[in-house]
Amino acid sequence: MTDTKHPSGAPWRNFYGRFKGKTLRPNQKDYLESDLDALSLGAVSWEENPDRSPLDLNAVFGGKPLWVEIGFGGGEHLVHQAKTYPEVGIIGCEPFINGVAMLLGKIRESGVSNLRVHPGDARDLFDVLPAGSVEKAFLLYPDPWPKKRHHRRRFVTQEHLEPLFHVLKPGAEFRVATDIPDYVRQTLIEAPKAGFEWLAEGPGDWRHPWGDWHSTRYEMKALREGRMPHYMTFRRPA
């Protein structure tokens with residue numbers, strides 16, 4: 001990151017990913033136009049919140065414990081968690097607008113009311129979450145960026161892990177799932193550098209999913225293609 005700033009005052013952050021892919025279907029456009037504003041968190045962007053004032057999470061979730069999913073894809077896991085744990089407030093971050101539209105459709109269909117959506121870069125959200133406010137975080141099948149020269153674009157770098165560590169509550173859990181062996185390697189190197197403890201005690205702790213796991217389209221694709229999922233659980237020390 002350099003000292004270069006946008007006119008809004010935002011630091012220059014390279015964003016690696018896609019904001020839009022396939023053309024949105026009419027019903028997806030309706031979800032975005034009708035539902036997204038009501039599920040927003042308020043002033044997250046630099047344009048809306050140049051002072052980076054912390055969000056009032058009590059106003060958003062009424063004091064519920066807070067979880068965050070970073071890059072929710074089509075939202076399958078996120079909605080499953082919201083239905084399973086109605087006593088928790090969950091924020092999903094996803095800059096890919098097609099994925100946001102898919103999630104909004106699932107929210108409307110399921111009727112869950114404890115989800116909020118940040119349709120943008122998770123780092124902007126980390127800026128405005130109070131320190132120590134998140135009790136659980138998920139990073140599930142993130143973009144693998146397989147070429148070695150692109151590994152710095154992966155989420156599991158200090159540029160992302162340090163801000164995540166800051167917003168996690170002491171004792172909070174950080175779950176990572178990936179089918180890419182080299183992503184596992186990088187995660188196991190970088191997460192401890194940021195202060196996380198890996199909780200695995202044996203191979204079964206990373207070969208089998210969590211008890212409340214809900215498979216995603218990315219995992220099913222990996223299994224069809226013969227790749228082995230890895231499920232890593234980290235903790236911010238208390």
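Just after helix 4, Gly111 takes a positive phi of about 80 degrees, where helices (H or I, at least four residues) and strands (E, at least two) are DSSP runs numbered from the N terminus. This is a predicted model, in which local features need pLDDT of at least 70, side-chain atom pairs count only at pLDDT 80 or more, and totals for chains, interfaces and linings use all residues. Residues are numbered from 1 along each chain as its sequence is written, and side-chain values use heavy atoms, with hydrogens and water left out.

Helix 4 covers residues 97-110, and because 14 residues at 1.5 Å a residue should span 20 Å (the rule being 1.5 Å times one less than the number of residues), the 20 Å between its end C-alpha atoms agrees. Buried residues (under 20% relative accessible area, 1.4 Å probe, protein chains only) of this helix include Asn98, Leu103 and Ile107. The buried residues of helix 4 pack against helix 1, helix 3 and strand 3, a contact being heavy atoms within 4.5 Å.

Strand 5 (residues 168-178) pairs with two strands, as tabulated here, where pairing requires that DSSP finds at least two bridges between them.

| Partner of strand 5 | Sense | Bridges | Residues opposite |
|---|---|---|---|
| Strand 4 (residues 134-140) | parallel | six | Val134 and Leu168 |
| Strand 7 (residues 230-235) | antiparallel | six | Met232 and Val176 |

Strand 4, helix 6 (residues 158-167) and strand 5 form a right-handed β-α-β unit, meaning that, with the strands pointing away from the viewer, the path from the first strand over the helix to the second runs clockwise.

In the whole protein there are nine helices and seven strands, and buried residues make up 50% of the 238 residues.
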